[in-house]
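Dear colleague,

Please find below the structure that I am handing over to you. My account of what was found in it follows directly after.

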Amino acid sequence: FSRFFIVFFNAAGLVALLLASDYNKRRNITGEEYPATLLFALAGMAAACSATNLLMLFLGLEAFTFAFYILVAIERDSVKGGEAGLKYLLNGTLSAAILSMGMALVYAARGTIRLAELAAGPAASEPLFQAGVVLILLGMAFKLSLVPAHLWTADVYQGSPSPVTALLSTASKGASLAALLLILPLVATWRGSHDIIWCLALFSMLAGNFAALVQSNLKRMLAWSSIGQMGYVALALVSASGGGVPAAVFYMVIYAAAGLAAFGAVTVLSAGGECDTLDDCRGLGYRSPLAGAALAISMFSLAGIPPTAGFMGKLGVFSAALRGGETALALIGILSALVAVYFYLRVVVMLYMKPAPVLIDARSSGAAEIVALSVPTATMILLGVYPQPLLGLLTRILI
């Protein structure tokens, strides 16, 4: 379990480092702070997915969150970056307090912090334990950008440097999912936790996708859509009895590939401040073919259009939901996914079907950027055509 996630985190971190190699030079982000802090974040993610008790789980989660406080605001001359870092810090410290209080209540109720002992305990009946579970789920909702702990997401994604946003939207979400899977047996000892995750999935799918409809800024649109995407992950977790846990991790891997490609394309295309809004993307598919193709394929994958991997991911999530008896929630998820197709395809239309108002010479991509865009783009296509090896691996790990 931990080895799989550590490979996943390191792959995402490598892509983020490659994307930042040219981006940081253009934005005058010099020194060793960026790579050192990014590696510290990866170490925290590794600790979180390898934890065997609540204390190490909390320390791992807060270690990589602390690193992102710095990374989000690392562009010191950016007003938006400073504002985003402050908003993330304030929301993150509140969520850390909620999460630690929930773990303290669980310890007070059961007298142990070992995950194996907590999962093997009796069905929850004491109010102290139930209150602890509620607080833990609320703290994890912040990490995954689930409603109602989601309001920081759009501002932080928009204000962060694009390579940081690429890592924040993918690897940190994967680490949070790994942590949630570790405590899921503990949470499942209280039947009321099912209803809480059900509501998190429902409102995240609806709020994320409908809010993304009205966004004109590309990074804000991707931020709101990520809330909807995490709603699908929560839907899979609700349907654990129908094989939802492997479906959730498979979907997270697919979303990570799409997120890295999308924000990587934004990184490459934002050489002169372009591609901030959807209108700025007009004709970019022709001026920057590789970045345009990566962005377009990521939009197709996020929308769930075959033969990209997003289709297989959504198929797995909705199939697990139907097998798990969550028919109503699955139907709502399918309808929200249909709504999301509109704003994802709108980006593709801007890239290839709308001429640019002013002809701008495209900046040639460096070797690092070419690799950073090509790998996640190829992953989306490969997993869309041949997902069986990864699905088989996840089934062996998680069931």
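I begin with two aromatic residues: Tyr-157 and Phe-263 are both buried. Please bear in mind throughout that this is a predicted model.

**Aromatic pairs**

Tyr-157 and Phe-263 form an edge-to-face aromatic pair, with 6.0 Å from centre to centre and 80 degrees between the planes. Because Tyr-157 belongs to helix 7 (residues 153–159) and Phe-263 to helix 12 (residues 244–269), this pair ties together parts that are 106 residues apart in sequence.

Across the whole structure, the search finds 15 aromatic pairs. Another of them joins Trp-152 to Tyr-157: the ring centres are 6.5 Å apart and the planes stand at 70 degrees, so this pair is edge-to-face. Trp-152 is buried, as is Tyr-157. Ring pairs connect these residues into a cluster made up of Phe-66, Tyr-69, Tyr-88, Phe-142, Trp-152, Tyr-157 and Phe-263.

A ring also takes part in an arrangement with a charged residue: Arg-110 lies over the face of Phe-129, 4.0 Å from the ring centre.

**The nonpolar core and helix 12**

The largest nonpolar core comprises 143 residues, and Phe-68, Ile-183 and Met-299 have the most contacts inside it. Helix 12 supplies the largest share of this core, with 21 residues. In soluble globular proteins, nonpolar side chains tend to be buried together.

Helix 12 has 26 residues, and the distance from its first C-alpha to its last is 37 Å, close to the 38 Å expected at 1.5 Å a residue. Since 26 of the 26 residues of helix 12 are buried, this helix is largely enclosed by the rest of the structure.

As for Phe-68, its contacts beyond four places in sequence are Ala-41, Met-45, Tyr-88, Val-164, Leu-167, Leu-168 and Ser-172. One of these, Tyr-88, is also a member of the aromatic cluster.

**Helix 3 and its cap**

Which residue caps the N-terminal end of helix 3? The cap is Asn-53, with a side-chain oxygen 3.1 Å from the backbone nitrogen of Leu-55. Asn-53 is located in the loop between helix 2 (33–49) and helix 3 (54–72). Its relative accessible area is 15%, and because buried means under 20%, Asn-53 counts as buried. Setting aside residues up to four places away in sequence, Asn-53 touches Ile-113, Arg-114 and Leu-115.

Helix 3 itself has 19 residues, which should span 27 Å at 1.5 Å a residue; the end C-alpha atoms are 27 Å apart, in agreement with that figure. Of the 19 residues of helix 3, 14 are buried, so this helix is largely enclosed by the rest of the structure.

**Ser-176 in helix 9**

Ser-176 is part of helix 9 (residues 171–187). Is this serine buried or exposed? With a relative accessibility of 1%, Ser-176 counts as buried. A polar atom of the Ser-176 side chain lies 2.9 Å from the backbone oxygen of Ser-172. Apart from neighbours within four places in sequence, Ser-176 is in contact with Leu-61, Phe-64, Met-140, Lys-143 and Leu-144.

**Val-147 and Ile-227**

The last two residues that I should like to bring to your attention touch one another: Val-147 has Ile-227 among its contacts.

Val-147 lies in the loop between helix 6 (127–144) and helix 7. Its relative accessible area is 13%, and Val-147 is buried. Leu-137 lies ten residues from Val-147 along the chain, and the C-alpha atoms of the two are separated by 11 Å. Beyond Ile-227, the contacts of Val-147 outside four places in sequence include Leu-200, Phe-203, Ser-204 and Ala-207.

Ile-227 is placed in helix 11 (residues 218–238). At 1% relative accessibility, Ile-227 counts as buried. Leaving aside neighbours within four places in sequence, Ile-227 is in contact with Ser-145, Val-147, His-150, Thr-153, Ser-204 and Gly-208. Ser-204 appears in this list and among the contacts of Val-147. Finally, Ile-227 and Ala-212 are 15 residues apart in sequence, and their C-alpha atoms are 9.4 Å apart in space.

With kind regards

How values were computed
Residues numbered from 1 in each chain as written. Heavy atoms only, no water. Helix = DSSP H or I, 4+ residues; strand = E, 2+ residues; numbered from the N terminus. Buried < 20%, exposed > 50% of the residue type's maximum accessible area, 1.4 Å probe, protein only. Polar contact = N/O pair within 3.5 Å; in protein donor to acceptor, adjacent residues only side chain to side chain. Contact = heavy atoms within 4.5 Å. Phe/Tyr/Trp six-rings, centres within 6.5 Å; stacked < 30°, edge-to-face > 60°. Lys NZ or Arg CZ within 6 Å of the ring centre and 35° of its normal. Core = buried A, V, L, I, M, F, W, Y, C linked by side-chain atoms within 4.5 Å. Expected span 1.5 Å × (residues − 1).
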